[in-house]
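Q: How should a chain like this be read, from its overall make-up down to its core? Please show the structure before the discussion.

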Amino acid sequence: MKPTNQPQVKLKGIEYLLLAIQSDPGKSQRHYLRRLYQYNHGMPSYNNGGTNNGYFTSPSYRDVLWYDDSHETQVRYGCAKSVNSVFLNTSCGNRYPHYWYARRSKCSVMKLTLSGHERANKVREKLGLEPID
């Protein structure tokens with residue numbers, strides 16, 4: 001087989017994110033999305049990692065495979081009724097429709113859960129690498 005610089009195994013987006021968080025934990029969501037974009041397209045992300053953010057908002061992944069370990073002051077933001085919407089704003093009176101809002105940190109610190117580590121280790125084995133405890 002001829003050696004190449006291209007990987008012989010193509011990872012899915014979720015697999016790449018698991019490996020990226022496992023190898024370099026504690027960075028922001030945007031940091032990992034920039035790395036994913038560069039992995040998929042071979043060039044830097046020109047919108048600073050704004051694509052594929054569904055990985056971090058999906059209830060299938062968030063708090064299942066990774067979690068935000070930020071202990072910063074929480075900021076309020078408006079959102080559609082989703083997994084993140086916790087509070088209903090009723091102070092706006094009858095003139096404005098009610099809207100949902102939630103709180104989040106200004107900058108996330110993403111880390112893997114136990115099931116995230118297990119799944120990342122399966123991906124490492126797929127690549128022929130040693131698992132990390």
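Reading the chain

A: Start with the surface: the chain has an accessible surface of about 9,000 Å², and 50% of that belongs to carbon and sulfur atoms. Such areas come from the Shrake-Rupley method with a 1.4 Å probe; for residues, only the protein chains shown count as cover. The model is predicted, so local features need pLDDT of at least 70 and side-chain atom pairs pLDDT 80 or more, while totals for chains, interfaces and linings use all residues. Residues are numbered from 1 along each chain as its sequence is written, and side-chain values use heavy atoms, without hydrogens and water.

Q: How many helices and strands does the chain have?

A: Helices (H or I, at least four residues) and strands (E, at least two) are DSSP runs, numbered from the N terminus. Here there are four helices and five strands, in the order α-α-α-β-β-β-β-β-α.

Q: Is helix 1 mostly covered or uncovered?

A: Buried means under 20% relative accessible area, exposed over 50%, and partly exposed in between (1.4 Å probe, protein chains only). In helix 1 (residues 13–23), 10 of the 11 residues are buried. Its cover includes helix 2 (29–41) and helix 4 (114–127).

Q: Which element gives the most to the largest nonpolar core?

A: A nonpolar core is a set of buried Ala, Val, Leu, Ile, Met, Phe, Trp, Tyr and Cys residues joined through side-chain atoms within 4.5 Å. The largest has 19 residues; among those touching the most other members are Leu 17, Tyr 55 and Trp 66. Helix 1 gives the most to this core, with seven residues.

Note on methods:
Contact means heavy atoms within 4.5 Å.
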